Amino acid sequence: MNRKRNFMFFALVWAVGLTFILLEGNLVSQFLFWTGGLDLTIILTAYIYLHSSSRHAGIFAFVQGLFLDIYSSGFEGLFVFLYLCSLAAISVCSKFIHLSNPRGQVFVVGITWLMEKALFLAMVAALGADMDIKGGISLTALIPMLITAMLTPIIFYFLDRLHVLVGGNATRDTVTYA
């Protein structure tokens with residue numbers, strides 16, 4: 001019974017991620033800057049990496065990237081590559097910074113966000129897209145990174161509470177929040 005409830009919970013997490021990707025282009029980018037704003041996919045990938053396994057997080061990152069590649073008019077495979085590199089960054093960072101700690105969540109997701117955006121700009125430039133960045137990349141581009149990183153412990157908390165509400169047991173890595 002517990003496996004069925006865990007499956008239902010992670011299916012809900014997947015649905016939230018796919019819905020976010022559909023809405024990201026229309027709603028989120030209108031309110032945040034050109035860098036894409038809040039990157040919920042990185043947060044959800046880190047959550048799945050922490051609470052399930054690296055294999056499940058890899059499948060999640062691959063499907064999210066594939067879904068975004070299908071619904072965008074960009075280079076094929078670009079977002080699959082970016083999200084799998086994000087998973088690699090989460091994996092490497094979590095070896096040195098505890099992902100189960102809220103402070104560690106902020107740092108790991110922030111570093112991953114920076115790496116993903118830098119890699120995105122490098123890949124788009126390398127693939128020959130005609131991109132015009134006026135005045136270079138300013139410090140205001142870091143505001144979405146700070147928003148994404150600072151919201152990570154809050155989203156982890158709500159996902160932990162939702163997991164308990166759905167009926168799953170608290171996992172061994174669940175953080176006790178004050």
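Select Trp14 to begin the tour; leaving aside neighbours within four places in sequence, Trp14 is in contact with Ile48, Ile59, Phe60, Val63 and Gln64. The model on the screen is a predicted one. Trp14 lies in helix 1. Is Trp14 buried, partly exposed or exposed? Its relative accessible area is 24%, so Trp14 counts as partly exposed. Add Leu44 to the selection: the two residues are 30 residues apart in sequence, and their C-alpha atoms are 8.4 Å apart in space.

**The whole chain**

Now display the protein chain as a cartoon. The protein chain has 6 helices and 0 strands, and its pattern along the sequence reads α-α-α-α-α-α. Of the 178 residues in the chain, 41% are buried. Among contacts with a separation of 6 or more, 70% join residues that are 24 or more positions apart.

**Thr41 in helix 2**

Select Thr41 next, which has its place in helix 2. The relative accessibility of Thr41 is 1%, and therefore Thr41 counts as buried. Which residues does Thr41 touch, not counting those up to four places away in sequence? They are Ile21, Phe60, Gln64 and Tyr83. For a distance across the fold, choose Thr41 and Val16: they are 25 residues apart in sequence, with 9.4 Å from C-alpha to C-alpha.

**Helix 3 against helix 4**

Select residues 54–71 for helix 3 and residues 78–96 for helix 4. Two packed helices are described by the distance between their axes and the angle between those axes. Here the axes come within 7 Å and cross at roughly 155°. An angle over 145 degrees counts as roughly antiparallel, so helix 3 is roughly antiparallel to helix 4. The crossing of these two helices is right-handed.

To see where they meet, show side chains. On the side of helix 3, the residues are Ser54, Ala57, Gly58, Ala61, Phe62, Gln64, Gly65, Leu66, Leu68 and Asp69. On the side of helix 4, they are Leu78, Phe79, Val80, Tyr83, Leu84 and Leu87. The residues of this contact comprise 11 nonpolar, 4 polar and 1 charged.

Centre the view on Gly65, whose place is in helix 3. Gly65 has 0% relative accessibility and so counts as buried. Apart from neighbours within four places in sequence, Gly65 is in contact with Phe79, Val80 and Tyr83. Gly65 and Leu82 are 17 residues apart along the chain, and 7.5 Å separates their C-alpha atoms.

**Helix 5 against helix 6**

Move to helix 5 and helix 6, whose axes come within 8 Å and cross at roughly 140°. That angle makes helix 5 oblique to helix 6. Helix 5 passes helix 6 in a right-handed crossing. Helix 5 contributes Pro102, Gln105, Val106, Val109, Gly110, Trp113 and Leu114 to the contact. Helix 6 contributes Pro144, Met145, Thr148, Ala149, Met150, Thr152, Pro153 and Phe156. The residues of this contact divide into 11 nonpolar, 4 polar and no charged.

**Helix 2 against helix 6**

Keep helix 6 in view and select helix 2. Their axes come within 10 Å and cross at roughly 50°, which makes helix 2 oblique to helix 6. This crossing is right-handed. The contact is made by Leu40, Ile43, Leu44, Ala46, Tyr47, Leu50 and His51 of helix 2, with Thr148, Thr152, Ile155, Phe156, Leu159, Asp160 and His163 of helix 6. Its residues divide into 9 nonpolar, 4 polar and 1 charged.

**The nonpolar cores**

Finally, select Phe9, Ile43, Ile90, Leu99 and Leu159. Of the 28 residues in the largest nonpolar core, these five touch the most other members. Helix 1 (2–31), helix 2 (40–51), helix 3, helix 4, helix 5 (102–126) and helix 6 (143–166) each supply at least two residues of this core. Which helix supplies the largest share? Helix 2 does, with 9 residues.

Zoom in on Ile90. Not counting residues up to four places away in sequence, Ile90 touches Ile42, Thr45, Ala46, Tyr49, Leu99, Val108 and Thr112. A second, separate core has 9 residues, including Ile21, Leu68, Leu82 and Tyr83. Two of these names have appeared on this tour as contacts of Thr41, namely Ile21 and Tyr83.

Conventions:
Residues are numbered from 1 along each chain as its sequence is written. This is a predicted model: local features need pLDDT of at least 70, side-chain atom pairs count only at pLDDT 80 or more; totals for chains, interfaces and linings use all residues. Side-chain values use heavy atoms; hydrogens and water are left out. Axes are lines fitted to C-alpha atoms, for helices over the stretch in contact, and angles run from 0 to 180 degrees between N-to-C directions. Helices (H or I, at least four residues) and strands (E, at least two) are DSSP runs, numbered from the N terminus. Angles under 35 degrees count as roughly parallel, over 145 as roughly antiparallel, 65 to 115 as roughly perpendicular and the rest as oblique. A crossing is left-handed if the near helix is turned anticlockwise from the far one by less than a right angle, and right-handed if clockwise. Contact means heavy atoms within 4.5 Å. Ala, Val, Leu, Ile, Met, Phe, Trp, Tyr, Cys and Pro count as nonpolar, Asp, Glu, Lys and Arg as charged, and the others, Gly among them, as polar. A nonpolar core is a set of buried Ala, Val, Leu, Ile, Met, Phe, Trp, Tyr and Cys residues joined through side-chain atoms within 4.5 Å. Buried means under 20% relative accessible area, exposed over 50%, partly exposed in between (1.4 Å probe, protein chains only).
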